[in-house]
Amino acid sequence: MNRREALKNIGLSAGYIAATPTIFSLLQSCQKEYVLDWTPELLSIDEGKALEQIVDLIIPETDIPGAKSLHVPMFIDKFINNALEEVEEAQMFKYGAGIIMKELGVSEEKSIDDVTIEEYDALLSNYLKLPKEKQKEHWEAISKVKTPEDLANVPQEAISFSYLSSVRSLSIFGFKTSKDIAENVLNYLPVPGEYVGCDSVQNLTGGKDWAL
């Protein structure tokens, strides 16, 4: 998944923009079994492993740190569990994580550690590259949800789309507001200076987005 396109195209909802990520942890993986160095507060261990792989595909490691090495998966879990005003929103995110496990085919016969990177990538491509009309259809279905119980009446595809879209938004949010990216990659000016209202970003920041 192309990082530049993701950063260019995704928009964040007002609810997700309000908070700043402050809590991170270390993550590591073995050759076969993924081991989390953090304990999810909201998600299960298996759901946390899936989240980590999804986030790593959304913003992978390149010449700059990726979302996984910046501990964004832990941030997402803690953000959803602690920063959202409505408890029901966290419950709905948790419900979506469970649907994603079904999408990946996780069962008694197939553990989360048996899911391949290709399967994760196919899942993301299937939902995050949907035609606009299909995306609109899914958002309309999700907009009717008022309580976690309402999700039982929503198509699984709409829930998966909503969950992965939220994860993508939060991954980009956590990535762009992390200390390392803010100070070393983006244009960082903690104390605002002169306001220039009519000039190009190329002239003002060398084309870099603002960290704050």
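Start with the whole protein shown as a surface: the accessible area is about 11900 Å², and 51% of that belongs to carbon and sulfur atoms (Shrake-Rupley method, 1.4 Å probe; for residues, only the protein chains shown count as cover). This is a predicted model, in which local features need pLDDT of at least 70 and side-chain atom pairs count only at pLDDT 80 or more, while totals for chains, interfaces and linings use all residues. Residues are numbered from 1 along each chain as its sequence is written, and side-chain values use heavy atoms, with hydrogens and water left out.

Switch to cartoon. There are ten helices and two strands (DSSP runs numbered from the N terminus: H or I of at least four residues for helices, E of at least two for strands). From the N terminus the order is α-α-β-β-α-α-α-α-α-α-α-α.

Colour by accessibility next. Of the 212 residues, 42% are buried (under 20% relative accessible area; exposed is over 50%, partly exposed in between).

Select Ser160, in helix 8 (residues 156-177). Ser160 counts as buried because its relative accessible area is 0%. Beyond neighbours within four places in sequence, Ser160 is in contact with Ile99, Ile100, Glu103 and Tyr127 (heavy atoms within 4.5 Å). Across the protein, 67% of the contacts with a separation of 6 or more join residues 24 or more positions apart.

Now select Glu86, in the loop between helix 4 (72-82) and helix 5 (87-103). Glu86 is partly exposed because its relative accessibility is 43%.

Add Glu85, Glu88, Glu89 and Glu149 to the selection; with Glu86 they form a negative surface patch (residues with over 30% relative accessible area and no salt bridge, like charges joined within 9 Å; a salt bridge is a side-chain nitrogen of Lys or Arg within 4 Å of a carboxyl oxygen of Asp or Glu).

Methods
Patch = residues over 30% accessible without salt bridge, like charges linked within 9 Å, V, L, I, M, F, W, Y side chains within 5 Å. Lys, Arg positive; Asp, Glu negative; His and termini not counted. Charge placed at Lys NZ, Arg CZ, Asp CG, Glu CD. Buried < 20%, exposed > 50% of the residue type's maximum accessible area, 1.4 Å probe, protein only.
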